[in-house]
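Visitor: I would like to learn how to read a structure like this one. Could you walk me through it, one feature at a time?

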Amino acid sequence: MSVKLETLKRLVEKPFTTPYPFVKPPVPAGLRGKPEIVVNEKPDPARLACPAHLDIRGYVRKIVEGDYEGSLELIRQKVCLPASLGRTCNHPCEEMCKRNYGEEEPVADAWLKRFVADWVYQKKRERGEPLLKKPVRTKNQDPQKKVAVVGAGPSGLQVAYDLAYLGYPVTVFEALPEPGGMLRYGVPRYKLPLDVLRSEIEAIAALGVEFRTGVRIGRDISLADLRGMGYKAIFIGIGSHISRKLRVQGEELKGVWGGIDFLRALNLGEKIDLGKKAIVVGGGNVAIDVARCAIRLGAEVQLVCLESREEMPAHAWEITEACEEGMTILHRRAPRKVLGKNGRVTGVELIGVKSVFDSEGRFNPVLDESTHEVIPCDSVLIAIGQMADLSVLGEERSQFQLTRGDTLIAVDPDSGATSVAGVFAEGEVIRGPSTIIESLAGGRRASLAIDRYLSGSNEGNPFVDEYDYGRDLKALDITAERRYMFLREEAWQKKRVPMPMLSPEERKTNFKEVYLGYTEEMARNEARRCLSCYKCVGCELCLKYCPANAIELKLDPQKEDVYWNDTAWKATGPPVIRLLQCVMCQMCEEVCRCGMYHLTSEYELCFTGAVDPEQIRVQARSE
Ligand SMILES: Cc1cc2nc3c(=O)[nH]c(=O)nc-3n(C[C@H](O)[C@H](O)[C@H](O)COP(=O)(O)OP(=O)(O)OC[C@H]3O[C@@H](n4cnc5c(N)ncnc54)[C@H](O)[C@@H]3O)c2cc1C
Ligand code: SF4
Ligand code: SF4
Ligand code: SF4
């Protein structure tokens with residue numbers, strides 16, 4: 001086997017520091033035979049942090065192996081819109097990724113998801129195959145158990161997808177002309193091209209889901225009508241589509257837009273003239289989307305927000321990209337009045353902001369009347385938040401328990417069940433503005449609950465996942481576990497493979513997709529950076545470095561040595577430690593990049609980390 005010189009150098013540069021005795025410590029009383037600890041695998045930190053608990057380590061590993069279809073299957077087990085999500089997810093998983101440490105960058109989970117989805121869809125199109133397999137009717141055989149889904153956003157689509165797979169007849173009622181929710185009428189096209197979203201929704205329709213668009217529940221049809229039409233369960237996933245108002249003088253002038261209304265009009269294909277200069281009010285992600293769309297319509301755009309740059313809730317990379325396209329920002333300003341002439345906007349009057357949050361971190365802006373300025377402009381776009389339109393509940397409104405000042409529907413958090421029997425709700429209508437992945441995860445919770453409600457149990461439902469991710473996330477001490485010294489060349493790369501993207505000049509005059517996507521080679525290289533946390537890859541390093549020959553590994557002899565040829569998982573089971581041989585030197589902990597071993601202290605008989613404390617199996621094998 002040829003060993004790369006560079007790799008050898010690294011091993012020498014990072015010598016072991018842990019001293020260890022070669023003398024066996026006394027065997028604890030009570031242990032008989034051949035006691036062993038089975039070092040079980042557990043979900044990786046990124047999976048714990050993902051609201052839908054996608055098997056991130058699994059789908060990333062399958063990319064390393066070149067099994068893209070298998071990778072997409074793992075993603076599809078949890079979410080119905082992989083290609084759309086891969087382009088838009090706010091990726092909380094990447095925050096918790098073990099590689100998100102010091103000068104390193106997390107594994108690009110979302111971009112890898114986009115890669116596999118695009119790759120597999122392309123191949124399927126070339127082969128003339130449908131994007132999704134036909135549903136195997138695992139549960140419902142009763143055509144009478146119909147489900148109505150109100151709203152075709154991510155939460156509603158997930159419910160429709162899950163229940164169609166289980167065999168329930170599903171109809172989705174959508175107020176707007178096309179399904180997709182905010183992905184269709186909010187998220188700008190330079191982030192999520194229409195053909196990508198449409199093809200994923202068409203695939204859901206091909207499962208047998210009926211879409212009735214242009215129907216507003218609460219206006220055209222009531223909830224009672226739906227029951228009368230034979231729907232045995234109703235899911236409400238209507239999101240939040242009403243732009244919040246500033247409540248200042250002049251807001252009714254022509255040229256003043258609610259941020260959501262502006263994006264909806266744009267996505268409906270309406271012709272919009274913002275004039276020469278547009279002021280965008282707001283510091284969040286929606287405000288940045290509004291600003292970047294306004295730039296693409298030819299306006300000079302200035303963003304006005306209460307916050308300093310560091311305090312802005314928008315993602316830092318979104319702000320940077322918008323500034324590259326020409327957006328300027330006026331921080332620590334609040335609009336006091338919209339100025340106008342002949343019914344049209346002519347400018348905004350601003351005052352200063354001393355602080356935005358109080359000493360306890362609560363949103364509580366303190367205004368500074370001494371700073372006062374007027375900025376001339378032709379349009380004002382207000383993106384300071386959005387609310388749900390609860391007219392969907394119609395005459396039944398009083399029967400629903402509401403929350404947060406009666407602006408959201410109250411539900412049981414585990415099931416999405418509302419206070420009205422047979423009616424479930426999830427997504428932004430229960431939690432206010434949030435994210436696509438939260439809404440998809442909520443849709444999954446609700447679909448499980450609807451299945452339970454209609455069939456009496458979740459028996460036979462392949463989507464059930466009862467793992468207690470919350471408990472593991474709480475127990476996770478990521479800083480204590482971020483250690484690894486032996487990595488292959490690719491895995492050693494501290495920074496992620498950069499996403500190819502259009503230059504600011506190329507992108508600011510059109511709605512072409514800004515991120516161009518990974519090539520196959522880029523995706524494989526990025527996937528190799530994943531450490532496979534808490535699932536043994538079978539690299540055999542612990543075996544080689546254990547001074548006491550205390551470790552037993554089950555390895556597939558057909559597979560190559562994964563340390564040198566990182567192609568496939570070689571381990572066929574978890575490592576086992578023979579306790580009577582172990583000298584508790586911590587060497588295994590030092591060398592394992594997966595974090596399988598974690599001794600609480602040297603010379604102490606205690607392994608944690610991948611070892612689930614509740615599942616430690618100290619087995620006694622007979623001699
Ligand atoms: C501009 C913008 C950009 C965003 N970008 C991102 C992003 O990049 N990443 C991210 O994670 N999140 C993003 N979000 C948030 C994300 O889009 C939402 O969290 C998510 O779409 C909410 O899903 P939902 O299912 O609750 O509802 P929605 O997606 O809002 O869909 C609800 C649907 O219900 C329909 N509806 C409403 N009332 C009725 C009725 N009475 N009858 C029938 N149909 C009705 C609506 O027309 C809509 O189609 C963005 C939001 C906005 C506004
Ligand atoms: S390195 Fe890989 S397995 Fe570990 S947290 Fe990140 S994505 Fe998950
Ligand atoms: S199992 Fe780990 S702690 Fe025990 S002797 Fe081997 S390397 Fe040391
Ligand atoms: S060092 Fe390698 S073989 Fe040993 S537990 Fe870790 S990943 Fe598995």
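Guide: Gladly! Let us begin with residue classes: Ala, Val, Leu, Ile, Met, Phe, Trp, Tyr, Cys and Pro count as nonpolar, Asp, Glu, Lys and Arg as charged, and the others, Gly among them, as polar. Keep in mind that this is a predicted model.

Visitor: How many nonpolar, polar and charged residues are there in the shell around ligand 1?

Guide: The shell around ligand 1 divides into 16 nonpolar, 13 polar and five charged residues. In total, 34 residues surround this ligand, and the closest are Thr88, Ser155, Glu174, His241 and Glu428.

Visitor: Which polar atoms of the protein lie close to the oxygen atoms of ligand 1?

Guide: For contacts of this kind, look for pairs of N or O atoms within 3.5 Å. One of them involves the side chain of Glu428, where an N or O atom is 2.5 Å from an oxygen atom of ligand 1. Met182 takes part through its backbone instead, with an N or O atom 2.9 Å from a ligand oxygen. Ser439 places a polar side-chain atom 3.3 Å from an oxygen atom of ligand 1.

Visitor: How much of ligand 1 does the protein bury?

Guide: Taken alone, ligand 1 exposes 1000 Å², and the protein buries 96% of that. The elements that give two or more residues to its shell are α8, β3, α12 (259–267), α13 (285–296) and α16 (436–455).

Visitor: Since β3 is on that list, how should I read a strand?

Guide: Start with the general idea: in a regular strand the side chains alternate between the two faces of the sheet. Then ask what covers each face. In β3 (residues 170–174), five of five residues are buried. Val170, Val172 and Glu174 lie on one side, Thr171 and Phe173 on the other, and both faces are covered.

Visitor: Which strands pair with β3, and in what sense?

Guide: Strand β2 (residues 146–150) runs parallel to β3, joined by four bridges. Val149 has Val172 as its bridge partner in β3. Between these two strands the chain passes through helix α8 (residues 154–166), making a right-handed β-α-β crossover. β3 also pairs in the parallel sense with β4 (residues 210–213), again over four bridges. There, Val172 has Phe211 as its partner.

Visitor: What would an antiparallel case look like?

Guide: Take β12 (residues 344–357) and β13 (residues 363–376), which pair in the antiparallel sense over nine bridges. Gly352 stands opposite Asp368 in β13. The two strands form a hairpin with five residues between them, and Gly361 in the turn has a positive phi of about 85°.

Visitor: Is Arg496 buried or exposed?

Guide: The cut-off to remember is that buried means under 20% relative accessible area. Arg496 has 15% relative accessibility, so this residue counts as buried. Arg496 sits in the loop between α19 (489–492) and α20 (504–507), and its side chain makes a polar contact of 2.7 Å with the side chain of Glu94.

Visitor: What surrounds ligand 2 and ligand 4?

Guide: Ligand 2 has 13 residues around it, the closest being Asp44, Cys97, Cys530, Leu531 and Cys533. By class, its shell has seven nonpolar, one polar and five charged residues. Both α2 (45–49) and α3 (56–65) supply at least two residues each. The shell around ligand 4 has ten nonpolar, one polar and one charged residues; among them are Cys536, Cys539, Cys542, Cys592 and Cys594.

Technical notes
Residues numbered from 1 in each chain as written. Chains lettered and ligands numbered in written order. Predicted model: local features only at pLDDT ≥ 70, side-chain atom pairs only at ≥ 80, totals over all residues. Heavy atoms only, no water. Buried < 20%, exposed > 50% of the residue type's maximum accessible area, 1.4 Å probe, protein only. Pairing = 2+ DSSP bridges. Right-handed = clockwise from strand over helix to strand, strands pointing away. Near = heavy atom within 4 Å. Polar contact = N/O pair within 3.5 Å; in protein donor to acceptor, adjacent residues only side chain to side chain. Areas by Shrake-Rupley, 256 points an atom, 1.4 Å probe, with all protein chains shown as cover.
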